[in-house]
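Work through the exercises below with the sequence and the model side by side. Try each task before reading its solution.

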Amino acid sequence: AKHDYRMGQLTSSSVLKTVWLRELKRYFSSGVYVTNTIMGPVMGTVMALAYFFAGTESLNAMLGMEMDFGVWLPFVVAGSFSMMPPTAVSLSMEGKNWWISKTLPLTSKMIIDGKLLMSLSLMAPFYIVCEILMIVATNPDLIGIVWTIVIPAAIIVFSCVFGLTANILLPKFNWDSEVYIVKQSAAAGLGGFAGVLATIAFAVVLILLPAAFADAAKLGGTLVILAATALLYRKNITTNLRKL
């Protein structure tokens with residue numbers, strides 16, 4: 001009342017953008033949350049860089065074994081990105097402030113989409129760098145480029161969606177330490193390794209099948225992962241999060 005207040009410029013944004021920015025703010029407010037969920041993408045990027053500069057022969061010499069990194073590197077990158085996605089504990093990280101989200105005029109879909117967008121947007125820069133390095137280093141044909149892009153992307157999205165599913169099934173809001181939620185909670189254990197197991201299963205199928213069926217196996221495996229992702233996503237958005 002004692003100051004000459006003047007209205008400045010007001011801005012507005014969509015609900016999804018607002019929820020996404022809110023999730024990013026919460027994410028970067030916790031050092032434990034950041035360091036334990038960003039290591040996977042960092043490791044994947046380091047592996048892609050190592051292959052880009054060293055090549056298959058040098059890496060095989062270091063490992064003491066023969067391995068076609070051009071074929072299996074996308075799976076290695078996908079597995080590393082899938083380790084502990086932020087969504088696996090994104091609900092639990094709200095802690096005792098969860099009541100605020102429950103009282104906001106937001107649907108379960110809005111909350112889920114915001115958390116998924118937060119996780120995927122954090123991984124996107126690392127994923128793009130990895131894809132560029134892998135494609136330039138391996139110089140694959142058109143089909144090879146498609147698989148190099150699509151397979152890791154499908155597994156990464158699956159891991160983020162499954163992470164939310166795990167946290168919905170095993171939420172914990174009454175906690176005293178973020179370290180417990182990120183490193184020791186049941187949701188972190190379940191949601192943090194589903195993508196890795198899916199990657200391993202996908203790779204094992206390719207190893208067991210004859211090379212002539214490789215493309216068909218990649219198509220079938222990708223479709224299975226995408227179908228599972230769609231089913232889990234539908235389950236997540238139709239869950240009444242206010243009952244958690």
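The exercises that follow concern a predicted model.

**Exercise 1. The overall fold**

Task: Describe the secondary structure of the protein and the box that its C-alpha atoms fill.

Solution.
- Step 1. Count the elements. The protein has 10 helices and zero strands.
- Step 2. Read along the sequence. The pattern is α-α-α-α-α-α-α-α-α-α.
- Step 3. Take the principal axes. The C-alpha atoms fill a box of roughly 75 × 40 × 35 Å.
- Step 4. Turn to burial. Of the 244 residues in the protein, 43% are buried.

**Exercise 2. A salt-bridge network**

Task: Find which salt bridges R26 forms, and which residues join them in one network.

Solution.
- Step 1. Search the whole structure. Seven salt bridges turn up.
- Step 2. Start with R26 and E23. Their closest N and O atoms are 3.2 Å apart, and the two residues form a salt bridge. Both sit in helix α1 (residues 15-28), three residues apart, about one turn of the helix.
- Step 3. Look for another partner of R26. The side chain of E94 meets that of R26 in a salt bridge (3.5 Å, N to O). This pair links distant parts of the chain. R26 is in helix α1, while E94 is in the loop between α3 (69-81) and α4 (98-103), 68 residues away.
- Step 4. Check burial. R26 and E94 are both buried. For R26 the relative accessibility is 18%, and the cut-off for buried is under 20%.
- Step 5. Return to E23. A salt bridge also joins the side chains of R22 and E23 (4.0 Å, N to O). E23 is buried at 2% relative accessible area, whereas R22 is partly exposed at 26%.
- Step 6. Assemble the network. Through shared partners, salt bridges join R22, E23, R26, E94 and K115.

**Exercise 3. The course of helix α5**

Task: Compare the end-to-end reach of helix α5 with its expected span, and locate its kink.

Solution.
- Step 1. Set the limits. Helix α5 covers residues 108-138, 31 residues in total.
- Step 2. Go from its first C-alpha to its last. The reach is 42 Å, close to the 45 Å expected at 1.5 Å a residue.
- Step 3. Follow the axis. A kink of about 40 degrees lies at A124, shortly before the proline P125.
- Step 4. Step past the end of the helix. Just after α5, N139 has a positive phi of about 50 degrees.

**Exercise 4. A nonpolar surface patch**

Task: Which residues form a nonpolar patch on the surface, and which elements give two or more residues to it?

Solution.
- Step 1. List the members. They are L49, F52, F53, I128, I132 and V136.
- Step 2. Take their area together. The accessible area is about 590 Å².
- Step 3. Assign the elements. Helices α2 (31-63) and α5 each give two or more residues to the patch.
- Step 4. Inspect one member. F53 belongs to helix α2. F53 has a relative accessible area of 66%, so this residue is exposed.

**Exercise 5. Two cysteines**

Task: How many disulfides does the structure hold, and why is C130 not bonded to C160?

Solution.
- Step 1. Count the disulfides. The structure holds zero.
- Step 2. Start from the sulfur of C130. The closest cysteine sulfur, in C160, is 14 Å away, which is too far for a bond. The cut-off for a disulfide is within 2.5 Å.
- Step 3. Recall what is missing. A disulfide is a covalent bond between the sulfur atoms of two cysteines.
- Step 4. Check the surroundings. C130 is buried, with 0% relative accessible area. C160 is also buried, at 0%.

**Exercise 6. Sequence against space**

Task: How far apart are M43 and V77, and how far apart are A228 and L24, along the chain and in space?

Solution.
- Step 1. Place M43. This residue is in helix α2 and is partly exposed at 32% relative accessible area.
- Step 2. Pair M43 with V77. They are 34 residues apart in sequence, and their C-alpha atoms are 8.0 Å apart.
- Step 3. Place A228. This residue lies in helix α10 (residues 214-237) and is partly exposed at 26%.
- Step 4. Pair A228 with L24. Along the chain 204 residues separate them, and their C-alpha atoms are 26 Å apart.

How values were computed: Residues numbered from 1 in each chain as written. Predicted model: local features only at pLDDT ≥ 70, side-chain atom pairs only at ≥ 80, totals over all residues. Heavy atoms only, no water. Buried < 20%, exposed > 50% of the residue type's maximum accessible area, 1.4 Å probe, protein only. Helix = DSSP H or I, 4+ residues; strand = E, 2+ residues; numbered from the N terminus. Expected span 1.5 Å × (residues − 1). Bend = angle between axes of the 7 residues up to and from the residue. Patch = residues over 30% accessible without salt bridge, like charges linked within 9 Å, V, L, I, M, F, W, Y side chains within 5 Å. Areas by Shrake-Rupley, 256 points an atom, 1.4 Å probe, with all protein chains shown as cover.
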